[in-house]
Every structure is written in C-alpha cells, then in structure tokens.
Amino acid sequence: MNSNQQISILQYNLNRSQYTTQSLLNHPNSKKLAILAVQEQYCSPRTGMSLPHQSWTIIETPSPEHDKKPRAAIYVNKRILPAKSFQALHYPSSDITMIQLKTDEASLPMLIINIYNTKGTTLINAFAMFLRTHLQHHRYDAITMVGDFNLHHPLWNPTDYDTHDQEAEYLIDLMATNGLNLILPAGTITFP
C-alpha cells in the first residue's frame, strides 16, 4: 500500500456468535476491509482462542487467566496488508489488542487499539495510565481507538437517554489527553 490509499476498519461486537463471526470473516464485502476490530468474538471451546481464517491474520492478547477467553481481537486482511506491514503490541489484558501498522516506508506507523470494556471495571483508567507512561505520540502518524466501551455519556447518548456512567469520564480524559476525537455521531444507536 502507498500513503494515498485508505485503511478501512470495521469495528463490530460479535456477541460470541459462531455464525456471526464466520459470516463476517467469509462475507464478500469483508474482502475490501483491511482491518476487522472485533469484540466478543466466538472462541473455540477446545482451544479457547478466536477462530483462525485463511484470509485473515488474527492478533489477540492471550489471557493470563487460562479460563478467560479473549474479548478483543484484530483480524488483518492478508490480501491487503502483508505481514511485514504490522506488528502486535502487548498490553496485559485479553480485553485490549493493539497493532502498529505501517503502510509504506516513508511514513510513520499508525497505532490501532481495540478495546472491550466491561462496565464497572477499572480497565479504561488503567489503560489511560499505561498510555501516559508508554505512548510516544511523535512515533505515530495517527492513533485510532475502537471498541465496545459499554459506557453511556451525554456526549454520545441519544438526546432522550439520560444514563451517565462515571467510568465514561475516564474515557473522555483518555481521549483528551491523547488528542483523540469522537467520530461516531452523537445519538447513534449502537445496540437497539
């Protein structure tokens, strides 16, 4: 790929469905996507790992707890991005997967972060502290953070929905500290 091409990313919570996971990986429209950032993907009961696929390289962080299945994964389209163009980065949680993606030799890489957050946990706050000490912004051309955050806030809620999760404040702080902008239009219904 050269710097004039766009990277297409689809973020999707698969709700642990084997059918939905296989459909996404095999759908003809998926061939056009460079990255699938998925949450709650189906995991094999035998291996506890996400489904492999011949057209996709899967990146996920294994859980230190052997009985916990990963809830965030990034699938990289082998037809669009060669293996030399990306590198997995480690964060000690199977709910966060990160890759560094470099599309050509002249540019800085892009950082792609995929998060599955469980409401009522400290994951977002802990990750924000990790980024404060480890992220070197000047090393990246762009930073993209996608995921299922399971948080409600007036910035993105529909206008008639009053729920406000306090943990959302950590997410807003993380965004502000790292120069990230919310691209999902306010009021977008993400789970009917």
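This is a short walk through a few residues, an aromatic cluster and a nonpolar core in one predicted model.

Okay, let's start with the core. The largest nonpolar core in this model has 24 residues. Which elements give two or more residues to it? They are β6, β7, α2, β8 and α3. And which one supplies the largest share? That's α2, with six residues. If you want names to click on, the residues with the most contacts inside the core are I96, I113, I115, F127, M145, L171 and L174.

Take L174 from that list. Setting aside anything up to four places away in sequence, L174 touches I124, F127, A128, L131, M145 and L180. So F127 and M145 turn up again here: both are touched by L174, and both are among the residues with the most contacts inside the core.

Stay on F127 for a moment, please. Buried or exposed? F127 is buried, because its relative accessibility is 0%, and the cut-off for buried is under 20%.

F127 also brings us to the aromatics. How many aromatic pairs does the structure hold? Three, and I'll show you two of them. One is Y91 with F130, an edge-to-face pair, 4.8 Å from centre to centre with 75 degrees between the planes. This pair links distant parts of the chain: Y91 sits in the loop between β5 (86–89) and β6 (96–101), while F130 is in helix α2, 39 residues apart. Y91 is buried as well, at a relative accessible area of 8%.

The other pair is F127 with F130, and this one is stacked: 6.0 Å between centres and 15 degrees between planes. Here the partners share an element, since both are in helix α2, three residues apart, which is about one turn of the helix. Put together, Y91, F127 and F130 make one aromatic cluster.

Now over to strand β6, where we find Q100. Q100 counts as buried, because its relative accessibility is 14%. So what does its side chain do? There's a polar contact of 3.1 Å between the side chains of Q100 and Y140. Looking past residues up to four places away in sequence, Q100 touches S85, F86, Q87, L89, P109, M110, R139 and Y140. For S85, the C-alpha atoms are 8.3 Å apart, with the two positions 15 residues apart along the chain counted as their separation.

Next, N117. You'll find N117 in the loop between β7 (110–116) and α2 (123–134). Where does its side chain go? It reaches the backbone oxygen of F149, at 2.9 Å. N117 counts as buried, because its relative accessibility is 2%. Beyond neighbours within four places in sequence, N117 is in contact with L123, I124, D148, F149, N150 and L151.

That list includes N150, which leads to my last topic, backbone angles. Most residues other than glycine have a negative phi. N150 has a positive one, near 50 degrees. N150 is in the loop between β8 (142–148) and α3 (168–177), and it counts as partly exposed because its relative accessibility is 27%.

E40 also has a positive phi, near 50 degrees. E40 lies in the loop between β2 (35–39) and β3 (56–60), and E40 counts as buried, because its relative accessibility is 17%.

That's my tour, thanks for listening.

Notes
Residues are numbered from 1 along each chain as its sequence is written. This is a predicted model: local features need pLDDT of at least 70, side-chain atom pairs count only at pLDDT 80 or more; totals for chains, interfaces and linings use all residues. Side-chain values use heavy atoms; hydrogens and water are left out. Helices (H or I, at least four residues) and strands (E, at least two) are DSSP runs, numbered from the N terminus. Buried means under 20% relative accessible area, exposed over 50%, partly exposed in between (1.4 Å probe, protein chains only). A polar contact is a pair of N or O atoms within 3.5 Å; within protein, one must be able to donate a hydrogen and the other to accept it, and residues adjacent in sequence count only if both atoms are side-chain atoms. Contact means heavy atoms within 4.5 Å. Rings of Phe, Tyr and Trp (its six-membered ring) pair if their centres lie within 6.5 Å; planes under 30 degrees apart count as stacked, over 60 as edge-to-face and the rest as tilted. A nonpolar core is a set of buried Ala, Val, Leu, Ile, Met, Phe, Trp, Tyr and Cys residues joined through side-chain atoms within 4.5 Å.
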